[in-house]
Amino acid sequence: MTTDTKATGKYAKVNGLNLYYETHGAGRPLILLHGGLMSNETFGPVLQQLAQSHQVIAPDLQGHGRTADIDRPIDVRLMAGDIAALIDHLELASPDVVGYSLGGGVALQTAAQYPAKLRRLVAVSANIRPNAIYPEMRAQQGQVNASAVEFMKDTPMYQLYQRVAPRPEDFPKLLDKIGASMAKDFDFADEVRGLQVPTLIVAADADMAPPSHYVEVFKLLGGGLRDGGWMGEGRPAGGHALAILPGLTHYNIGTSPLFAAVTLAFLDGQPT
């Protein structure tokens, strides 16, 4: 799905990237980060919902959409630096950062590395260890490389890339980089424990990893360890929250009105 929302598209030179971003709506700034092999427009109606009450800044991450690739791995820790640089470039005052899948990992790393630049974080369908993902999905991820191009030519991801990318011929390179990124081992538990901004963990009830994994992430934030109390006194001290959204999967949560609703409820709720 793509969005029909009118937007202003611009480029920012950050960290060697010519980073494309669009601005939608008005209000408190919100940076919205898309998933792998996607672009900002694939949020569809979610982007429109968020833009009704926020100024949504929606970049295309390294090598995705209208942002051409550079000689650098696809790594959420490096891309977090791009988002921090974009915040500085736009002179944004403590924006909220919301990310889905790959973008959720980038959002989490942005909050972990640059806590003073953010107000709140929403990480959607972002696992913190590769072995949290179901084994059959890990096997499929292992097949993502340049040789898969022919099998992807009828997919929305390929067609979107061919339509908007500055260098459409780079799609095989992007697949190689995404595949290499997914093949690496990592564990971001320490980064989660150290988060200093109120964080909402969101997942589908039939996501790429089981709900128990996202509960585990919530526990790292001090959640799910005790009764919340009549006045919420037992909730996590940092203002963190968890939402498991019903009837959704990893592949449609990014365009679900439920995702937009819980995100807005968390971002616009009372200060912690």
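Me: What places Arg193 and Asp190 about one turn of the helix apart?
Reply: Both lie in helix H8 (residues 189-193) of this predicted model. They are 3 residues apart, about one turn.

Me: Why is the pair Arg193 and Asp190 called a salt bridge?
Reply: The closest N and O atoms are 2.6 Å apart. The cut-off is 4 Å, so the pair qualifies.

Me: How do you know whether Asp190 is buried or exposed?
Reply: Its relative accessibility is 58%. Exposed means over 50%, so Asp190 counts as exposed.

Me: Which residues are joined into one network by salt bridges that share partners?
Reply: Arg28, Asp96, Arg119 and Asp268. The count for the model comes to 14 salt bridges.

Me: What makes Asp170 a partner of Arg167?
Reply: Their side chains meet in a salt bridge, at 2.7 Å from N to O. Asp170 also forms a salt bridge with Lys173, where the closest N and O atoms are 4.0 Å apart.

Me: Why is Asp170 called buried or exposed?
Reply: Its relative accessible area is 8%. Buried means under 20%, so Asp170 is buried.

Me: And what are Arg167 and Lys173 called?
Reply: Arg167 has 34%, between the 20% and 50% limits, so it is partly exposed. Lys173 has 54%, over 50%, so it counts as exposed.

Me: Which residues have the most contacts inside the largest nonpolar core?
Reply: Ile31, Leu33 and Phe171, in a core of 50 residues. Helix H2 (residues 76-90) gives this core its largest share, 6 residues.

Me: What does Phe171 touch beyond four places away in sequence?
Reply: Its contacts include Leu37, Val149, Met152 and Tyr161.

Definitions and conventions. Residues are numbered from 1 along each chain as its sequence is written. This is a predicted model: local features need pLDDT of at least 70, side-chain atom pairs count only at pLDDT 80 or more; totals for chains, interfaces and linings use all residues. Side-chain values use heavy atoms; hydrogens and water are left out. A nonpolar core is a set of buried Ala, Val, Leu, Ile, Met, Phe, Trp, Tyr and Cys residues joined through side-chain atoms within 4.5 Å. Buried means under 20% relative accessible area, exposed over 50%, partly exposed in between (1.4 Å probe, protein chains only). Helices (H or I, at least four residues) and strands (E, at least two) are DSSP runs, numbered from the N terminus. Contact means heavy atoms within 4.5 Å.
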